[in-house]
Amino acid sequence: SKPLEPWPYPSVIAHRGGGSIAPENTLAGLRCGFDHGFLMSEFDVKLSQDNLLIILHDDTVDRTSDGSGAAAALTYNELAQLDMGGWHSAWYAGEPLPAFSQFARFILENGLFCNIEIKPCPGREVETGVAVAHAVLKYWADGGVSPLISSFSREALAAFAEIAPAIPRAFLIDRVPEDFESILQSLGCQGINVNQKYLDEPTIDRIHAAGYRVCAYTVNDYRRARQLLAWGCDAIFTDELVRIPADIGAY
Ligand code: G3P
Ligand code: MG
């Protein structure tokens with residue numbers, strides 16, 4: 001079997017910034033993860049209508065803000081007016097939609113790890129991959145552990161890789177496909193991030209034997225988290241920052 005790709009990342013990752021204890025993909029969430037001992041967070045990045053990189057999961061702002069409409073049709077200034085916290089709880093009312101630069105600054109200032117998921121607005125896969133690559137090269141130029149890049153979009157990953165080939169990448173997919181090795185090889189990825197539901201020990205062993213890493217999303221059950229980590233799963237993503245502590249893999 002091939003040697004495993006180098007992997008400097010922690011084994012537990014706060015999902016969408018700070019999981020479910022704070023509004024997803026906000027600075028308050030990212031801070032919450034840090035305050036709960038999580039040294040690594042995952043978050044979703046896309047382009048605003050005027051080509052600024054922003055942090056947002058869905059194609060529209062409807063579910064996680066007091067506004068409505070497609071992110072692709074809203075300018076950064078319009079997006080920055082939205083309340084991204086009130087839907088979660090009154091405590092977080094008024095929490096703004098972050099620019100990627102604000103997330104990068106917080107991560108670098110605090111010496112944290114991160115997984116940047118490229119989540120393009122439909123049809124903007126290549127330009128989003130390109131924009132994230134330039135931004136990562138700019139913000140991480142003077143140090144910090146390289147972010148892990150991931151995406152469900154092969155086009156976005158390929159566009160990223162062309163500009164920033166040395167930054168580690170993982171291909172996101174629901175289930176591990178039969179031909180995972182050729183996909184990861186052609187994209188130059190170090191790992192694959194998959195839905196935890198379908199992951200079992202033989203599959204983890206198969207991915208490792210091929211020389212690749214495997215992470216599982218989204219693990220919100222304590223026993224399942226212990227099981228996946230005991231099987232050698234390289235990292236789990238969780239929304240449950242209290243029930244699944246950041247050091248769960250250490251004991
Ligand atoms: O990157 C892991 C996970 O975040 C992928 O699914 O929909 O939560 O972005 P989603
Ligand atoms: Mg995500």
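Colleague: What kind of unit do β8, helix α8 (residues 222-230) and β9 make?

Modeller: This is a predicted model, in which local features need pLDDT of at least 70, side-chain atom pairs count only at pLDDT 80 or more, and totals for chains, interfaces and linings use all residues. Residues are numbered from 1 along each chain as written, with chains lettered from A and ligands numbered from 1 in written order. Helices (DSSP H or I, at least four residues) and strands (E, at least two) are numbered from the N terminus, and β8, α8 and β9 make a right-handed β-α-β unit (clockwise from the first strand over the helix to the second, strands pointing away from the viewer).

Colleague: Through which helix does the chain cross from β7 to β8?

Modeller: Strands β7 (residues 191-195) and β8 pair (at least two DSSP bridges) in the parallel sense over five bridges, with Gly191 opposite Arg213 in β8. The β-α-β crossover from β7 to β8 is right-handed, and its helix, covering residues 201-209, is α7.

Colleague: Which residue in β9 is the bridge partner of Cys215?

Modeller: Two bridges join β8 to strand β9 (residues 235-238), and these strands run parallel. In β9, the bridge partner of Cys215 is Ala235.

Colleague: Are the residues of β8 that point either way from the strand buried or exposed?

Modeller: In a regular strand the side chains alternate between the two faces of the sheet. From β8, Arg213, Cys215 and Tyr217 point one way, whereas Val214 and Ala216 point the other way. Strand β8 (residues 213-217) is mostly covered, and these residues on both sides are all buried (20 or more other C-beta atoms, placed from the backbone, within 10 Å of their own; 12 or fewer would be exposed, in between partly exposed), so the answer for both directions is buried.
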